[in-house]
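Please look over the chain below before reading the briefing that follows, which moves from the interior outward to the charged side chains.

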Amino acid sequence: MAPTLSRPRRAPVQAGTSAPAAALPVSDPGTRRSRRPALVAVGVALAAVGGLAGAYLVNQAGQRTDVIAVARDIPAGKVITADDLRSASMVADPALHPVPVTRSADILGKTAAADLPAGALVTDSSVRTGQPIAAGKERVGVLVKAGQVPARALQAGDEVHVVATPGPQDDKAATGARPSTIEAVVLQVGEPDANGARVVDLAVSAVDSPVVASWAATGRVALVVKARA
(Lines give C-alpha, C1' and ligand atoms only; values in the text may rest on other atoms or scores of the structure.)
Protein backbone atom coordinates (compact mmCIF):
# COMPACT_ATOMS: atom_id res chain seq x y z
CA MET A 1 0.00 0.00 0.00
CA ALA A 2 1.53 3.33 -1.11
CA PRO A 3 2.40 5.78 1.65
CA THR A 4 0.28 8.89 1.87
CA LEU A 5 1.41 12.44 2.70
CA SER A 6 -0.38 14.24 5.42
CA ARG A 7 -0.60 18.05 5.52
CA PRO A 8 0.01 19.80 8.79
CA ARG A 9 -3.08 21.14 10.25
CA ARG A 10 -3.33 24.87 10.82
CA ALA A 11 -4.54 26.10 14.08
CA PRO A 12 -8.08 27.24 13.72
CA VAL A 13 -8.65 30.95 13.75
CA GLN A 14 -11.01 31.95 16.36
CA ALA A 15 -13.80 34.28 15.52
CA GLY A 16 -13.09 37.93 16.12
CA THR A 17 -9.32 37.57 15.61
CA SER A 18 -7.21 38.28 12.57
CA ALA A 19 -4.31 36.45 11.13
CA PRO A 20 -0.83 37.55 12.27
CA ALA A 21 0.57 40.31 10.08
CA ALA A 22 3.55 39.56 7.92
CA ALA A 23 6.95 40.86 9.16
CA LEU A 24 7.91 44.25 7.71
CA PRO A 25 11.42 44.86 6.29
CA VAL A 26 13.81 46.64 8.66
CA SER A 27 14.76 50.15 7.47
CA ASP A 28 16.79 53.18 8.86
CA PRO A 29 14.25 55.34 10.66
CA GLY A 30 16.43 58.46 10.38
CA THR A 31 16.65 60.50 7.21
CA ARG A 32 20.24 61.03 6.03
CA ARG A 33 21.15 64.68 5.42
CA SER A 34 23.48 65.44 2.58
CA ARG A 35 26.24 68.04 3.22
CA ARG A 36 25.89 71.28 1.37
CA PRO A 37 28.57 71.61 -1.34
CA ALA A 38 28.97 75.36 -0.69
CA LEU A 39 29.92 74.85 2.97
CA VAL A 40 32.42 72.17 2.03
CA ALA A 41 34.03 74.50 -0.52
CA VAL A 42 34.26 77.33 2.04
CA GLY A 43 35.94 75.03 4.54
CA VAL A 44 38.49 73.89 1.99
CA ALA A 45 39.22 77.51 1.01
CA LEU A 46 39.72 78.60 4.63
CA ALA A 47 42.08 75.73 5.27
CA ALA A 48 44.10 76.67 2.19
CA VAL A 49 44.31 80.34 3.26
CA GLY A 50 45.41 79.36 6.74
CA GLY A 51 48.12 77.15 5.35
CA LEU A 52 49.41 79.88 3.08
CA ALA A 53 49.42 82.43 5.91
CA GLY A 54 51.35 80.08 8.14
CA ALA A 55 53.90 79.40 5.44
CA TYR A 56 54.31 83.14 4.84
CA LEU A 57 54.91 83.88 8.53
CA VAL A 58 57.44 81.09 8.82
CA ASN A 59 59.22 82.37 5.73
CA GLN A 60 59.25 85.96 7.02
CA ALA A 61 60.55 84.88 10.42
CA GLY A 62 63.54 83.32 8.75
CA GLN A 63 64.47 86.36 6.66
CA ARG A 64 67.30 88.45 8.12
CA THR A 65 68.81 91.69 6.94
CA ASP A 66 72.14 93.41 7.59
CA VAL A 67 71.81 96.81 9.29
CA ILE A 68 74.15 99.42 10.77
CA ALA A 69 74.92 99.30 14.49
CA VAL A 70 77.16 101.38 16.76
CA ALA A 71 80.55 99.75 17.37
CA ARG A 72 81.57 102.03 20.24
CA ASP A 73 80.07 104.89 22.23
CA ILE A 74 79.60 107.98 20.05
CA PRO A 75 79.10 111.30 21.85
CA ALA A 76 76.61 113.82 20.48
CA GLY A 77 78.11 116.15 17.90
CA LYS A 78 80.91 113.80 16.85
CA VAL A 79 81.50 113.19 13.15
CA ILE A 80 80.79 109.53 12.48
CA THR A 81 83.55 107.46 10.86
CA ALA A 82 83.73 103.87 9.65
CA ASP A 83 85.45 102.83 12.90
CA ASP A 84 82.37 103.92 14.84
CA LEU A 85 80.06 101.52 13.02
CA ARG A 86 79.62 97.80 12.47
CA SER A 87 77.11 95.57 10.74
CA ALA A 88 74.47 93.54 12.56
CA SER A 89 72.06 90.89 11.32
CA MET A 90 68.45 91.03 12.48
CA VAL A 91 65.04 89.65 11.60
CA ALA A 92 63.00 92.22 9.71
CA ASP A 93 60.61 94.03 12.05
CA PRO A 94 58.17 96.66 10.71
CA ALA A 95 58.30 98.45 14.09
CA LEU A 96 62.02 99.16 13.71
CA HIS A 97 63.65 101.31 11.04
CA PRO A 98 67.41 100.73 11.20
CA VAL A 99 69.56 101.90 8.31
CA PRO A 100 70.65 98.98 6.09
CA VAL A 101 74.34 98.42 5.47
CA THR A 102 73.84 99.31 1.81
CA ARG A 103 73.16 102.91 2.91
CA SER A 104 76.28 103.38 5.01
CA ALA A 105 77.33 106.30 2.78
CA ASP A 106 74.28 108.21 4.10
CA ILE A 107 75.61 107.94 7.67
CA LEU A 108 79.37 108.38 7.34
CA GLY A 109 80.56 111.96 7.68
CA LYS A 110 77.44 113.15 9.50
CA THR A 111 77.31 114.15 13.16
CA ALA A 112 75.63 112.21 15.93
CA ALA A 113 72.34 113.86 16.89
CA ALA A 114 72.59 112.43 20.41
CA ASP A 115 74.78 110.15 22.47
CA LEU A 116 74.78 106.77 20.71
CA PRO A 117 75.74 103.84 22.97
CA ALA A 118 77.64 100.83 21.63
CA GLY A 119 75.30 98.17 20.25
CA ALA A 120 72.49 100.57 19.37
CA LEU A 121 70.94 100.37 15.91
CA VAL A 122 71.48 103.42 13.73
CA THR A 123 68.40 105.13 12.28
CA ASP A 124 68.06 108.19 10.08
CA SER A 125 67.25 110.27 13.16
CA SER A 126 70.49 109.17 14.85
CA VAL A 127 72.50 111.59 12.72
CA ARG A 128 72.13 115.05 11.26
CA THR A 129 73.87 117.10 8.65
CA GLY A 130 75.91 120.15 9.53
CA GLN A 131 79.21 121.05 11.04
CA PRO A 132 80.44 119.29 14.18
CA ILE A 133 80.71 121.36 17.34
CA ALA A 134 84.30 122.32 18.09
CA ALA A 135 85.74 121.93 21.55
CA GLY A 136 84.71 124.76 23.85
CA LYS A 137 81.66 125.65 21.75
CA GLU A 138 77.98 125.21 22.49
CA ARG A 139 74.97 124.92 20.18
CA VAL A 140 72.40 127.72 20.28
CA GLY A 141 69.27 127.86 18.14
CA VAL A 142 68.23 131.25 16.74
CA LEU A 143 64.88 131.82 15.02
CA VAL A 144 65.34 134.27 12.14
CA LYS A 145 63.08 135.61 9.41
CA ALA A 146 63.48 137.80 6.35
CA GLY A 147 65.40 140.94 7.25
CA GLN A 148 67.35 139.21 9.99
CA VAL A 149 69.55 137.22 7.61
CA PRO A 150 71.01 137.94 4.15
CA ALA A 151 69.09 136.96 1.02
CA ARG A 152 71.76 134.41 0.20
CA ALA A 153 70.92 131.13 1.86
CA LEU A 154 73.00 130.30 4.89
CA GLN A 155 75.14 127.19 4.76
CA ALA A 156 76.72 125.02 7.41
CA GLY A 157 80.21 126.33 8.08
CA ASP A 158 79.41 129.98 7.44
CA GLU A 159 81.07 132.32 9.94
CA VAL A 160 78.66 135.01 11.15
CA HIS A 161 78.35 137.96 13.48
CA VAL A 162 75.39 137.62 15.82
CA VAL A 163 74.17 141.20 16.26
CA ALA A 164 71.87 142.37 19.04
CA THR A 165 69.21 144.62 17.48
CA PRO A 166 67.43 147.39 19.44
CA GLY A 167 63.89 146.98 20.63
CA PRO A 168 61.05 149.53 20.36
CA GLN A 169 61.48 150.61 24.01
CA ASP A 170 65.24 151.18 23.82
CA ASP A 171 66.68 154.62 24.41
CA LYS A 172 66.78 156.45 21.07
CA ALA A 173 70.04 158.08 22.05
CA ALA A 174 71.61 154.66 22.33
CA THR A 175 70.45 153.48 18.92
CA GLY A 176 73.39 155.19 17.23
CA ALA A 177 75.91 153.34 19.37
CA ARG A 178 77.73 150.33 18.02
CA PRO A 179 75.61 147.24 18.71
CA SER A 180 76.88 144.27 20.62
CA THR A 181 78.12 141.43 18.42
CA ILE A 182 79.24 137.86 19.07
CA GLU A 183 81.14 135.56 16.72
CA ALA A 184 79.54 132.27 15.74
CA VAL A 185 79.62 129.50 13.13
CA VAL A 186 76.54 128.09 11.41
CA LEU A 187 76.04 124.43 12.24
CA GLN A 188 72.70 123.71 10.62
CA VAL A 189 69.87 125.56 8.88
CA GLY A 190 66.34 124.32 9.46
CA GLU A 191 63.42 124.25 7.05
CA PRO A 192 61.24 127.40 6.86
CA ASP A 193 57.90 127.38 8.62
CA ALA A 194 54.59 128.69 7.23
CA ASN A 195 55.73 132.29 7.81
CA GLY A 196 59.15 131.82 6.24
CA ALA A 197 61.04 131.86 9.53
CA ARG A 198 63.63 129.20 10.20
CA VAL A 199 65.88 128.07 13.02
CA VAL A 200 69.62 128.41 12.57
CA ASP A 201 71.86 126.38 14.89
CA LEU A 202 75.01 128.28 15.81
CA ALA A 203 78.23 127.20 17.48
CA VAL A 204 79.00 129.84 20.10
CA SER A 205 81.64 129.97 22.81
CA ALA A 206 80.52 128.69 26.19
CA VAL A 207 80.92 132.23 27.60
CA ASP A 208 78.71 133.89 24.98
CA SER A 209 76.06 131.21 24.51
CA PRO A 210 73.77 132.50 27.32
CA VAL A 211 73.86 135.99 25.84
CA VAL A 212 72.95 134.78 22.33
CA ALA A 213 70.18 132.64 23.78
CA SER A 214 68.68 135.66 25.57
CA TRP A 215 68.80 137.72 22.37
CA ALA A 216 67.14 134.92 20.44
CA ALA A 217 64.39 134.58 23.04
CA THR A 218 63.29 138.17 22.44
CA GLY A 219 63.76 138.03 18.68
CA ARG A 220 66.24 140.92 18.86
CA VAL A 221 68.97 139.36 16.78
CA ALA A 222 70.36 139.48 13.26
CA LEU A 223 73.01 137.44 11.50
CA VAL A 224 75.75 139.05 9.38
CA VAL A 225 77.71 136.63 7.21
CA LYS A 226 81.44 137.19 7.10
CA ALA A 227 83.16 137.41 3.74
CA ARG A 228 84.74 134.14 2.74
CA ALA A 229 88.48 134.12 2.21
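In this predicted model, leucine 202 is in contact, once its neighbours within four places in sequence are left aside, with Glu138, Arg139, Val140, Val142, Val160, Val162, Ala184, Val185, Val186, Leu187 and Leu223. Leucine 202 is also among the residues with the most contacts inside the largest nonpolar core, which has 18 residues.

**The nonpolar cores**

- Besides Leu202, the residues with the most contacts inside the largest nonpolar core are Val142, Val162, Val200, Val204, Val212 and Leu223.
- The elements that give two or more residues to this core are the strands E5, E6, E7, E8 and E9, together with the helix H2.
- A second core, separate from that one, has 11 residues, and Ile68, Ile80, Ile107 and Val122 are included in it.

**Helix H2 and its two faces**

- Helix H2 runs through residues 209-218, and its buried residues are Ser209, Val212, Trp215 and Ala216.
- These buried residues lie on the same side of H2, because they cover an arc of only 125° around the axis.
- An α-helix has 3.6 residues a turn, so residues three or four places apart point the same way.
- The buried residues of H2 pack against five strands, namely E5 (137-144), E6 (159-164), E7 (181-189), E8 (198-205) and E9 (221-225).
- On the face of H2 that is turned away from its buried side, the exposed residues are Pro210, Ala217 and Thr218.
- Glycine 219, which comes just after H2, takes a positive phi of about 75°.

**Valine 70 in strand E1**

- Valine 70 has its place in strand E1, which covers residues 64-70, and this valine is buried, with a relative accessible area of 1%.
- Although valine 70 and leucine 121 are 51 residues apart in sequence, their C-alpha atoms are 6.4 Å apart in space.
- Leaving aside neighbours within four places in sequence, valine 70 is in contact with Asp84, Arg86, Leu116, Pro117, Ala118, Gly119, Ala120 and Val122.

**A buried aspartate**

- Aspartate 158 is placed in the loop between E5 and E6, and because its relative accessible area is 3%, this residue counts as buried.
- The side chain of aspartate 158 reaches the backbone nitrogen of glutamine 155 at 2.9 Å.
- Aspartate 158 also forms a salt bridge with arginine 152, in which the closest N and O atoms are 3.4 Å apart.
- Arginine 152, at 40% relative accessibility, counts as partly exposed, whereas aspartate 158 counts as buried.

**Salt bridges and a shared network**

- Side chains of opposite charge can pair when their charged atoms come close.
- The structure holds six salt bridges.
- One of the salt bridges joins arginine 103 to aspartate 106, with the closest N and O atoms 2.9 Å apart.
- Arginine 103 is partly exposed at 31% relative accessibility, and aspartate 106 is partly exposed with a relative accessible area of 34%.
- Arginine 103 also forms a salt bridge with aspartate 124, where the closest N and O atoms are 2.8 Å apart.
- This second pair links distant parts of the chain, 21 residues apart, since aspartate 124 lies in the loop between E3 (111-112) and E4 (127-128) while arginine 103 lies in the loop between E2 (85-91) and E3.
- Aspartate 124 is partly exposed as well, with a relative accessible area of 48%.
- Through salt bridges that share partners, Arg103, Asp106 and Asp124 are joined into one network.

Definitions and conventions:
Residues numbered from 1 in each chain as written. Predicted model: local features only at pLDDT ≥ 70, side-chain atom pairs only at ≥ 80, totals over all residues. Heavy atoms only, no water. Buried < 20%, exposed > 50% of the residue type's maximum accessible area, 1.4 Å probe, protein only. Helix = DSSP H or I, 4+ residues; strand = E, 2+ residues; numbered from the N terminus. Arc of directions from axis to C-beta. Contact = heavy atoms within 4.5 Å. Core = buried A, V, L, I, M, F, W, Y, C linked by side-chain atoms within 4.5 Å. Polar contact = N/O pair within 3.5 Å; in protein donor to acceptor, adjacent residues only side chain to side chain. Salt bridge = Lys/Arg side-chain N within 4 Å of Asp/Glu carboxyl O.
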